[in-house]
Amino acid sequence: MRKYLALLGTALVAATPAAAQVPAAQPAAEAPRTREQVFAALDEQFAAFQRGQHVPGLVWGVVQDGRLIHIRGFGSHEPNSARPVTADSLFRIASMSKAFTGLAILKLRDEGRLRLDDLAEQHVPEMRGWRYPTADSPRIRIRDLLAHASGFVTDDPWGDRQQVLSEADFTRILRDGVPFTRAPQLQMEYSNFGYALLGRIITNVSGRPYKDYIEQTIMRPLGMTSSGYEIAESPLERRAIGYRWENDAFAREPDMRHGTFGAMGGVQTSANDYARWIAFLLSAWPARDDAETGPVRRSTVREMGQGLNFPAIATRPSSGGAQCPMVTAYGMGLLAMQDCNFRQMLSHSGGYPGYGSFMLLLPEHNTGLFAFSSRTYTAPSRQVMEAAQELLRAGLLPTRTEPVSEPLAASYRAAGAAYQAGTIEPIRGRLAMNFLLDRSPENWGRVLAEIRQQVGACQTDAPITPSGALNGYFEWTCERGRLGGQVLLAPTSPPTIQALRFRPMPNTP
């Protein structure tokens, strides 16, 4: 499934530890545009991609607040076909299928039928006689397969053509054993073979083919009635047929029937169906007390996006030609990302003979974007990423605000009173045991006096921005500049102040 990191670019950049602690940078303000103008401009970008890349058919969509708010198709089901691409056209989504496999494994874990730290060979007996590359190699766990850390070699494009492999032939391969490129758990290396193994585990643990388990316990409960793994079961008139562009002409790719490698990339779906999947995934945020309504628990869905070590750092183009730092780590069928604009992104691309695809979740904005194309390995990854940036710049991404807990609010009010008084006396009854050991009351008085000399009196009633129930950042407007700061509470009951930090930003002459 073609190169999940293709969107990241190539240049490496230095990481900043503070990036995970402060709000992400926002794009520069621009002249207001209507929602219709923004989406019309984005539609034209996707249309230009479809024409310029010789893609027979393409569809892209945006899901926000649980519903499909924009959908647009371009081209037709086949070159020169009279059937235009619509929201009901069926595309293979290639490696974006891995999220279904990953969630099925986690669902079986929730049911108590396996553990992520189980050795894979516990559920796939043919692996028990494998020869590992070194005497000290750990044996492969289910967790390693999910995170592409099992020591298998990257298998694009070989793995893509194994879609049709029968279960019997796969069993023979497993009995013979496979070569390793390194010992397990040393490095992330993308493996379609590993996800085919996860499909076998789903089959063996659930007692039914992984196709049936995923379709019946995840897809159908979500209303994804047009989605599945066996394209022969779908109506031909709805299929966007896959092509490659070769020798300046379209060449039809073979329709690959369902097989054992479908667990890594065999899902066929429509934009309308896939929007239900996106909405379900996004509904897992934020954590809350509401009753569970989906086929899998919200906490389990959130677990898919936990990067499982081996982070990668890269850059991507941003507005104005600037380079935007990005850090990524693979989770369990989704890629976890953070960049200069978004603090949390989950994504995956897909590449396959005849198809390319990309999806992006923005949980903080309750928004997801996706695009499918019907040309070999032609995923509109950059176009989807740029569309997300455009929606952010245009103010069309609602931002979920985290509530301020009462302990944080009370401590913040006390911190404002301490600054106004020039002494820590207003917060003395709220201090953790380390606070005065780290700086004496007398030195706190000197520090507050020095800050007041730099920026003067401040308006301390500005709202605090929480990064959790026990941590928050603020910025005050002052006579001679601004004063930024942080209130950090300790894990005590009741919570007490372990750190109060100020960052003067005086006016420059």
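Strand β10 (residues 345–352) is joined to strand β11 (residues 355–362) by 7 bridges, and the two run antiparallel. Strands here are DSSP runs of E with at least two residues, helices are runs of H or I with at least four residues, and both are numbered from the N terminus. Two strands count as paired if DSSP finds at least two bridges between them. Within this pair, His348 stands opposite Met359 in β11.

The model is predicted: local features need pLDDT of at least 70, side-chain atom pairs count only at pLDDT 80 or more, and totals for chains, interfaces and linings use all residues. Residues are numbered from 1 along each chain as its sequence is written, and side-chain values use heavy atoms, with hydrogens and water left out.

The open sheet has 8 strands in the order β2-β1-β12-β11-β10-β9-β8-β7, with antiparallel pairing. β2 (67–75) and β7 (312–317) stand at the edges with a single partner strand each, so one side of each has no neighbour in the sheet. From one strand to the next the twist averages 20 degrees. Axes are lines fitted to C-alpha atoms, for helices over the stretch in contact, and angles run from 0 to 180 degrees between N-to-C directions.

Three of the pairings are set out below.

| Strands | Bridges | Sense and citation |
|---|---|---|
| β10 and β11 | 7 bridges | antiparallel |
| β1 and β2 | 8 bridges | antiparallel |
| β1 and β12 | 7 bridges | antiparallel |

In β1, Val63 has Leu68 of β2 as its bridge partner, and Trp60 stands opposite Ala371 in β12. β1 and β2 form a hairpin with 2 residues between them, and Asp65 in the turn has a positive phi of about 50 degrees. In β1, 8 of 8 residues are buried; buried means under 20% relative accessible area, exposed over 50%, and partly exposed in between, with a 1.4 Å probe and protein chains only. Gly57, Val59, Gly61 and Val63 point one way from β1, while Leu58, Trp60, Val62 and Gln64 point the other way.

The largest nonpolar core has 112 residues, and Phe100, Trp130 and Trp277 have the most contacts inside it. Such a core is a set of buried Ala, Val, Leu, Ile, Met, Phe, Trp, Tyr and Cys residues joined through side-chain atoms within 4.5 Å. Helix α8 gives the most to this core, with 9 residues. A second, separate core of 25 residues includes Leu408, Tyr419, Cys478 and Leu489.

Lys211 lies in helix α6 (residues 210–219). Lys211 counts as buried because its relative accessibility is 12%.
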